[in-house]
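Subject: Structure handover

Hello,

Here is the structure I said I would pass on. My notes on it follow below the entry.

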Amino acid sequence: MRRRRTLQVQIGGLRYGGDAPIVVEAMAKRPYEKIKEEIGVLAAEGAELVRIAVNTRRQAERFLTLQEECSVALMADVHFSWRLACWLVEDGVEAVRINPGNMVFEGRGFERFAALAAEQGTVVRIGSNSGSCSVVGMGFNRRVKRLVDVVLEAAERLKERGVGALILGAKSSDIKETIAANTRIARSTDHPLHIGITATGAGEEAFCRSAVAVGTLLMRGIGDGVRVSLCGDSASEVRAVKAILSAVGARRFGARVIACPTCTRCQVDLAEKVAEVKAALDGVGQKDITVAVMGCVVNGPQEAAEADFGVAFSGRRAAVFAKGVVVRQVSAKDGVETLLEVIRGAGRQRLL
Ligand code: SF4
């Protein structure tokens, strides 16, 4: 996967775009009184940039305090109000997202915002979405054009006024529209892109829609930061982003654990064994390995020959293997611990 070359911007200590790793993003969802705790949870899950909606002056003040207090990078999300955006920039916000679907990029408020952002070097993300861009009733091509045009026109107006630290992106609840819009924006500019799908829904269906759209764009080399929008708890969004980045090989977040789907040959609770292996591998500290957990010794080691290490269960026995070759045979209850011993031993001998 060859990543599109883009400019790079900096939000606090976080590099975004260019040669920086694709950023794991999240959006806070809890009330302001509980938001610091939520940011802590998101950061612990692996979020690198947390966006927070700012609707009032009081929230803007609280946001700026959070920016001081939190180690993870934050972005203020502003709709409708240039005045609010100006307050934030004037008081030192590092990054702000503006929706060009509901804010007009002309007039006194806009001019003041642009002048302040240019002076402070504020990162501005221009993010359109299908819900606010008056695309209802339009056909596919016109909808995509509208999503793209509002972003590019807004970016152009800001650049003319000296605002260069831009992140762009266009989201629709439709997969094809999102892919088409971001592909066009990527072809038209060298600014980094934030990608995702809006209004996905909940559960597996929502995750799959995000995974297909984001995964397709990433495989085209497009995307410098990802948010997976899910109707559910915000930490699950972070896990979803990491799963997608890991699946397309864009980033590694620890050892990759693969497992067979099981069939009638499997005589153990393999899902339980997978969970055990995943939890145990966190303590082993090896990131760049693939570990297989297989449901039978008949086919397991061969089916997972690509994995660096693995364990295959057979009723009461377990075979631990490396690159498809069985290296230890133990009782099933010792399978996971023996697998870890083998991985640690290989690490000590620098075989990893
Ligand atoms: Fe079935 Fe064994 Fe293949 Fe798992 S590894 S799917 S249990 S044959």
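**Strands, sheets, ligand and pocket**

Strand 1 (residues 8–11) and strand 2 (residues 14–17) are antiparallel partners, joined over four bridges. Please keep in mind that this is a predicted model. Within the pair, Q10 faces R15 of strand 2. The two strands make a hairpin with two residues between them, and G12 in the turn has a positive phi of about 60°.

Next, the eight-stranded sheet. This sheet is open and its pairing is parallel, with the strands in the order 8-7-6-5-4-3-10-9. Strand 8 (166–171) and strand 9 (194–195) are its edge strands, each of which pairs on one side only. Strand 6 (residues 95–98) runs parallel to strand 7, and four bridges join them. In this pairing V96 is set opposite V124 of strand 7. Helix 3 (residues 82–90) lies across strand 5 (73–78) and strand 6, and runs at about 155° to strand 5.

Strand 7 (residues 123–129) also matters for the second largest pocket, where four of the lining residues come from this strand, the largest share. The space in that pocket is about 230 Å³. Its lining has 15 residues, and those closest to the centre are R51, T198, A199, R227 and S229. Sorted by class, the lining of the second largest pocket holds four nonpolar, six polar and five charged residues.

There is also a sheet of five strands. This one is open with mixed pairing, and its order is 11-12-13-14-15. Strand 11 (256–259) and strand 15 (325–331) are at the edges with a single partner strand each, so one side of each has no neighbour in the sheet. On average, neighbouring strands of this sheet are turned by 20° against each other, direction ignored. Strand 13 (residues 309–314) pairs with strand 14 (residues 317–322) in the antiparallel sense, over six bridges. One of the positions in that pairing is F313, whose bridge partner in strand 14 is A318. Helix 9 (residues 270–281) lies across strand 11, strand 12 (290–294) and strand 13, and its direction is at about 155° to strand 12.

Last, the ligand. Which residues are around the ligand? They are C260, T262, C263, R265, C266, G295, C296, N299, G300 and E303. By class, this shell divides into four nonpolar, four polar and two charged residues.

For quick reference:

- Hairpin: strand 1 and strand 2, with G12 in the turn.
- Eight-stranded open sheet: parallel pairing.
- Five-stranded open sheet: mixed pairing.
- Second largest pocket: about 230 Å³.
- Ligand shell: C260, C263, C266 and C296 are among the residues around the ligand.

Regards

Conventions: Residues numbered from 1 in each chain as written. Predicted model: local features only at pLDDT ≥ 70, side-chain atom pairs only at ≥ 80, totals over all residues. Heavy atoms only, no water. 1 Å grid on protein atoms, 1.4 Å probe; cavity = no way out; pocket = protein on both sides within 12 Å on 5 of 7 lines; lining within 4 Å. Points joined across faces, edges and corners; volume = space filled by probe spheres on them. Nonpolar A, V, L, I, M, F, W, Y, C, P; charged D, E, K, R; others polar. Pairing = 2+ DSSP bridges. Axes fitted to C-alpha atoms, helices over the stretch in contact; angles between N-to-C directions. Contact = heavy atoms within 4.5 Å. Near = heavy atom within 4 Å.
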